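Dear colleague,

Please find below the sequence and structure that I am handing over to you. My findings follow directly after them.

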Amino acid sequence: MAKITHKGSWIQISSLKKEDKKNYLISLSMFMLGALFWGIHLTTVDGIFGPAIEESSTSLFYTILRILIVLCWAIGALYIIKFLKTQDELMHRYFYYVGSWGGIGFLVFGMFISIIDAYISITFGFYSYFLAYALGTLIGSYMFDKKYLRDEE
C-alpha cells in the first residue's frame with residue numbers, strides 16, 4: 001500500500017507496487033498536462049493578473065486546447081480510479097479528507113477573497129479561488145498526518 005509522506009502532502013511513489021505506480025504516474029502526468037493546457041486557456045479569461053491576454057479565444061487553436069484539457073483530465077480520472085481501487089482504507093480516507101479540506105478552504109478563504117474584493121481595486125478570478133482550494137488541501141493533509149499518521153508519544 002502507498003506510504004503517505006511529507007507531513008501528509010505526498011505519496012511516496014517508491015512504496016507502490018508496479019501496477020499501482022504505473023496508474024498513479026499516468027494519472028499524475030495527465031492531470032499535469034491538462035493543467036498546462038488549462039493555464040494556456042486561462043490567458044483568454046480575466047483573472048487576478050488582469051484582463052484576458054488573448055483576444056481570439058474562439059479560434060481553432062483554443063478549441064483544440066480545450067478538448068485536450070477535457071481529454072487529459074478524463075484519462076487522469078480513469079487512472080486515479082484504477083489506482084484507488086487497489087489501495088487500502090487509509091488511502092481512501094486520505095483522498096476524502098484532503099479533498100474535503102480543499103472544499104472547506106475554497107469556501108472559507110474564497111469567501112474572504114470575495115468580501116475583500118468589494119473594498120480593493122483588484123479583481124480576483126479563477127487563480128485566487130484555486131489558491132484558496134490549494135491552501136485548504138495543504139491544511140487538510142497536515143491535519144490528516146497529525147490525526148492518522150504521526151506517532152504521538
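The largest pocket of this predicted model has a volume of about 1000 Å³. Its lining is made up of 27 residues, and those nearest the centre of the pocket are L28, F31, V98, Y133 and T137. By residue type, the lining divides into 21 nonpolar and 6 polar residues, with no charged ones.

Which elements supply at least two residues each to the lining of the largest pocket? They are β2 (10-12), α1, α2 (60-85), α3 (89-117) and α4 (126-149). Helix α4 gives the largest share of this lining, with 9 residues.

For orientation, the overall layout is as follows. The protein contains 4 helices and 2 strands, and from the N terminus on the order of the elements is β-β-α-α-α-α. The C-alpha trace spans about 55 × 40 × 20 Å along its principal axes. Of the 153 residues, 28% count as buried. Among contacts with a separation of 6 or more, 65% are between residues 24 or more positions apart. The protein exposes about 10000 Å², and carbon and sulfur atoms supply 70% of that area.

Two of the helices deserve a separate description.

Helix α1 covers residues 18-41. Its 24 residues should span 34 Å at 1.5 Å a residue, and its end C-alpha atoms are indeed 34 Å apart, so the expected and computed values agree. The buried residues of α1 are D20, N23, Y24, S27, G34, F37 and H41, and they pack against β2 and α2.

Is S27 buried or exposed? The relative accessible area of S27 is 1%, and S27 is therefore classed as buried, the cut-off being under 20%. Leaving aside residues up to four places away in sequence, S27 touches G76, Y79 and I80.

Helix α3 has 29 residues and reaches 41 Å from its first C-alpha to its last, close to the 42 Å expected at 1.5 Å a residue. Buried in α3 are M91, Y94, Y97, V98, G102, G105, G110 and I113. The cover over these buried residues of α3 includes β1 (3-5), β2, α2 and α4. V98 thus appears twice in this account: V98 is buried in α3, and V98 is one of the residues nearest the centre of the largest pocket.

A general point may help when you read these lists against the model. An α-helix has 3.6 residues a turn, so residues three or four places apart point the same way. In α1, the buried residues include D20, N23 and S27; in α3, they include M91, Y94 and V98.

The last residue to mention is M143, which lies in helix α4. Why does M143 count as partly exposed? The relative accessibility of M143 is 31%, and partly exposed residues are those between the cut-offs of 20% and 50%, so M143 falls in that class. Apart from residues up to four places away in sequence, M143 touches Y97 and W101. Of these contacts, Y97 is among the buried residues of α3, and α4 is included in what covers the buried residues of that helix. M143 and I81 are 62 residues apart along the chain, and their C-alpha atoms are separated by 24 Å.

With kind regards

Conventions. Residues are numbered from 1 along each chain as its sequence is written. This is a predicted model: local features need pLDDT of at least 70, side-chain atom pairs count only at pLDDT 80 or more; totals for chains, interfaces and linings use all residues. Side-chain values use heavy atoms; hydrogens and water are left out. Buried means under 20% relative accessible area, exposed over 50%, partly exposed in between (1.4 Å probe, protein chains only). Contact means heavy atoms within 4.5 Å. On a 1 Å grid over the protein atoms alone, a cavity is a set of points where a 1.4 Å probe fits but cannot get out, and a pocket is an open set with protein on both sides within 12 Å along at least five of seven lines; lining residues have an atom within 4 Å of a point. Grid points are joined across faces, edges and corners, and a volume is the space filled by probe spheres set on the points. Ala, Val, Leu, Ile, Met, Phe, Trp, Tyr, Cys and Pro count as nonpolar, Asp, Glu, Lys and Arg as charged, and the others, Gly among them, as polar. The expected span of a helix is 1.5 Å times one less than its number of residues. Accessible areas come from the Shrake-Rupley method with a 1.4 Å probe; for residues, only the protein chains shown count as cover.
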